[in-house]
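Below is a short note, point by point, to be read alongside the sequence and the model.

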Amino acid sequence: MLRIFRHGIAGEFSSLRTYWYKGVALARWRFIGAVALPVALLALGLTATVFYALHAAARQADLVSAKRQSQEAQLALDDALDELAQSQTGVAIWSPLLRELYKPRPNWDWIDINAGTWLNYVFAHDVDILLSPRDIPVYMMQEGVRLASPHHAAAIYTRAAAPLIDVLRERTQRAANRHERLPGQPLANHATVRTSPSAIHATSTVAVNDRPAAVSVMRIIPDGSDGDAPPGPAPLLLSVRYLDRSFVQQLASVQLLAGARATVGRLSGEEHGAALIGEDGKPVGMLAWRPDRPGQAVWKAMVPTAAAVLAGLLATVAALLTGVGRLMRKDAASLDQLRVAHLELQAKEAQAHRLAYHDTLTGLANRARLATVLDEMLGSGAPEGVSAVLLIDLDRFKQVNDTLGHLGGDHLIRQVAMRLEALVLPGDLVARLGGDEFAVLLGPRIDETAVEAVAGAMVSAIQDPFVVLGANVHIGASIGIACFRDAQGDRTELMRTADIAMYRAKAEGRNGYRFFLADMDESVKLRREIEEDLRAAIVRESELLVYYQPQMDGSGTHVIGVEALLRWQHPRRGWLAPAAFVNVAEESGLIGALTGRVLRDACKVAVAWPDLSVAVNISPVQFRSRTLAAELIAIVRAAGARAQQIELEVTESVLLDNDEVVRATLIALRRAGFRIALDDFGTGYSSLSYLSKFKVDKIKIDRSFIHRLGEAEDAAAIIHAVVRLGHAMGLIVTAEGVETGLQRAFLEQAGCNELQGFLFSEAVPAAALQRLLGRLERVA
Ligand code: C2E
Ligand code: CA
Ligand code: CA
C-alpha cells in the first residue's frame, strides 16, 4: 500500500513535470499573446493619448486666449474712441461756450475752468484745441496747461487732424467709420458711437508726431435750450488722447494684456498685435502686447508630472507583467493571482489618475478630493468630538494680483498654502478650491473652542506680512466655519453654510472668523427675497415713493430746503424704511437705479419750488464708479433742473479712501454746481483732516448727538466743537434729528445754520409738500 502509493506519487509527479514544462512553454506564448502584448500596447497607447490630449488642450487654450485678448484689445480701442467723442459733448454742445467764443474778447480763464481743465483732468485728454470758424487755433490746453500762443503750438495737431477737419467742414467727403457722426451722413454700419444725435464729429485713430492717438473733432453748437446756432460755419473742438500712455496702462491693468504698448513701428517676434486703422482705412500703427499663453504654462507645468505618472504607470505595468509572467511560469494554474495582480494594476492606475488631480500650484488637495474625503467622513457616522469645515477667502488678494501681476499672485498663494498647512494636524486636510479660496477640513477636536483656536491662528498667520517678489504685502483672511453636526451628513449643505458664515465674516469687517448659525440662513433668504422684489419694484416704479423732509433755517422759522428720503410700499411686507433695503441694493448693484429714481423725482420738486434746495442721498458704493458724476449731471440736465439747487449727501466713509477717482468725482460734481453735504457727521472717523483735501459745502451733525443732548455730558461739548470747527473752515453746519423745543433752542444758540427733524415735520409725499410748507411758514 505504501509502495503503491509511493510509486503512484512518483509517476504522477513525472507526468506532471512534463506537463509542467509543456504548460510553461505554452503559457508563456499564451501569456505574451493574450496579456503582455495587449497590456504593453495599451500602456503605450495610453501614454501617447494622454500626451496628445494634453498638448492639444494646451494649444486650444492658447488659441482661445489669443482670440479673447485680440477681442478685448479691439473693444478697448473702440471704447477709447467712443469715449473721447462722448467726453467732448459736455463742452461742445453747450450754449455758454459758444456765446463766450463769439464775444469780441473771450474770457480764456472762464474757458479754462469750463472746458480745458475739465477735459484735460476729468477725461484725461492730452490736448484740447478750439478752432475758430475759419479754422484758426484760438485756444489750446496741453496736459493741464494753457498755451500762450496756440496758433503755433497747435500746428502739428491741426495738420494731423486735417482730414477730419475737412470732412466736418464738408470740404471733402468719405464714408463714416463706426465712431463718428459726419455732417449729412447716416451712421456707419455697426456704429458704436455714444454721442447724442445732435453731435457732429469725425473721430479716428491718427498718427500725431509719430505716436498713435485717438483724435476727435466736434462742431461746437448750442445745447438746444437756447436757440439756434449763429450763421456760418461752427467753431470746432479738437481733442487728442495719445494711445501710448494711460490707455495702454489701462490695457495692461484692466484687460490684463501684458507689456501692452502702442507703436507706429513693427511688432517684436513674440508679440501679438491689433492694427490701429486710420480714417482713410489704412493702418497708422499697431497695438502690441505679449500674449498670455495659459496653455503653454499648463503644458510646461503638467509635462513633468504627467511624464512621472506615466513612467510610474509603465514601470508598474512592466513590473506586474514580469511578476505575473513569473507566477504563470511557476504555476500556470494560478489564474487567481493574475486576477489579483490585475486588480492591483487597476488600483495603481486609479492612484496615478488621482495624483494628476491635485492642485498644481500649491500641491494641496483640490475641490474634487475635498468632496471625496468629506463624503467619506460624513458617511462614517457621527465621530466623537467636533469636526468642521473652514472656508477661507483672502481679503485684498485682488489688489496684490493687480499690482504685482499673476506671478506675484501665484507666489503669494503658495506661501498662504504653506502657512495654513503648518497649522493643522495629521488627520486634517487643507484644500485649495481655486482663486484665493481655501478650505480646511478639521478632523475631530475636543470642542468648538479647539476649532476656534485653529481659525484664530489662521487669521493671524495670514495677517502677518508676506514677502512677494521682494515687496512687503499685507493681506487678510475671512473664515466661515460649519460644524458637521449642523449639516446632518450632507456635504452640499455643509459647504453652503460655511459659505454663508464666510460672507458674514467678510461683511462684518473682514479679518476674522464666524461660525455658521441658523439665523444667518434666515437673513440670507430674506436678503435674497428683498433683492428679487426690489428688482421688480424698480421696473414697476409705483411701489417706490420719494418723501420729502423739510430743512429749516437756524432759528427753525423758515423752510430753506427738503431732503429726499426713499420709501417702499412692499406688496406683502407693507411700508419699508430704507434701512431694510438700501444695503441690499448696494450689494446687488441696484443702488444706481434707486438713486436715479430719487434724483429724477427730486428734480421735479426742485423745478416746482425754485427757492428750495433739494438734498439727495448718494451711497458710498456709487463712488467706486468713474461715471457717477457724468450720470448725475445727465439726469439733472434731462430733467431741466439746475444743479445749483441740488445738494448731494455723502457719508464720511467716502472720503476715507483717499482715492483719485473720488476726488475727481467730487471736483466734477461741485464744478457742475452741486453742493456736497457730509451726512451723519461724527459717526465715522470724526477727523476733519480730510476736509482740507476734499472740498465740501456742509456738514450734518449726526442725529445721535442731538439725541444725547441733556443725557450725556459730552454731547453738548462735541456739538459746540463741531460748529466752531465747521465755521472756521467756511462750512454750513446742520443738525438733524431735532425732536424737542429744548434741543432746538440749544442748537440755535450753539450757532447751527440749519435744523431738520420731527419737531418740524417728518418726511411727506411731494403732493403734501405744498400744504406742509404753508403750515410751517404760518407757525413761524
Ligand atoms: P439719513 O440720511 O440720516 O436720513 C435721515 C433719517 O432720519 C431719515 O430716516 C429720517 O426719517 C430720520 N429722521 C428725520 N428726523 C428725525 C428725528 O427728528 N428723529 C429721528 N429719530 N429720526 C429722524 P429714513 O428715511 O428711515 O432713512 C434712513 C437712512 O436711509 C438715511 O439716513 C439715509 O442714509 C438712507 N436713505 C434714505 N433715502 C435714501 C436714498 O434715496 N438713497 C440712499 N442711498 N440712502 C437713503
Ligand atoms: Ca441724509
Ligand atoms: Ca444723516
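1. Glu563 is buried in this predicted model; the relative accessible area of Glu563 is 4%, which falls under the 20% limit for that class. Glu563 is one of the protein donors of the calcium ion (ligand 2), through OE.

2. The protein donors of the calcium ion (ligand 2) are Glu563 (OE), Asn617 (OD1), Glu649 (OE) and Asp679 (OD), at 2.0 to 2.3 Å. Their spacing along the sequence is E-x53-N-x31-E-x29-D. Glu563 belongs to strand β18 (residues 559–570) and Asn617 to strand β20 (residues 613–617), so this pair ties together parts that are 54 residues apart in sequence. Unlike Glu563, which is buried, Asn617 is partly exposed, with a relative accessible area of 28%.

3. Which residue bridges the calcium ion (ligand 2) and the calcium ion (ligand 3)? Asp679 does, and the two ions lie 4.1 Å apart.

4. Six strands form an open sheet with antiparallel pairing, in the order β3-β2-β1-β6-β5-β4. The edges are β3 (145–146) and β4 (201–208); each has a single partner strand, so one side of each is left without a neighbour in the sheet. For β4, the pairing with strand β5 (residues 211–219) is antiparallel and runs over eight bridges. Within this pairing, His201 stands opposite Met218 in β5.

5. The count of aromatic pairs comes to four. One of them joins Trp108 and Tyr139: the ring centres are 5.8 Å apart and the planes are at 20 degrees, so the pair is stacked. Trp108 lies in helix α3 (residues 108–122) and Tyr139 in strand β2 (residues 137–142), so the contact ties together parts that are 31 residues apart in sequence. Trp108 is partly exposed, at 25% relative accessible area, whereas Tyr139 is buried, at 2%. The strand that holds Tyr139, β2, is also a member of the six-stranded sheet in point 4.

6. Two arginines have their charged ends over aromatic rings. The charged end of Arg211 sits over the ring of Tyr242, 3.7 Å from its centre. For Arg419 the ring is that of Phe466, with a distance of 3.5 Å to the ring centre.

7. How many disulfides does a search of the whole structure find? The result is zero. As for individual cysteines, Cys603 counts as buried at 0% relative accessibility, and Cys752 also counts as buried, at 5%.

Conventions
Residues are numbered from 1 along each chain as its sequence is written. Chains are lettered from A and ligands numbered from 1 in the order in which they are written. This is a predicted model: local features need pLDDT of at least 70, side-chain atom pairs count only at pLDDT 80 or more; totals for chains, interfaces and linings use all residues. Side-chain values use heavy atoms; hydrogens and water are left out. A disulfide is a pair of cysteine sulfur atoms within 2.5 Å. Buried means under 20% relative accessible area, exposed over 50%, partly exposed in between (1.4 Å probe, protein chains only). Donors are N, O and S atoms within 2.8 Å of the metal (3.2 Å for Na, K and Ca); water is not among the atoms, so sites may look incomplete. Helices (H or I, at least four residues) and strands (E, at least two) are DSSP runs, numbered from the N terminus. Two strands pair if DSSP finds at least two bridges between them. Rings of Phe, Tyr and Trp (its six-membered ring) pair if their centres lie within 6.5 Å; planes under 30 degrees apart count as stacked, over 60 as edge-to-face and the rest as tilted. A charge sits over a ring if NZ of Lys or CZ of Arg is within 6 Å of the ring centre and within 35 degrees of the ring normal.
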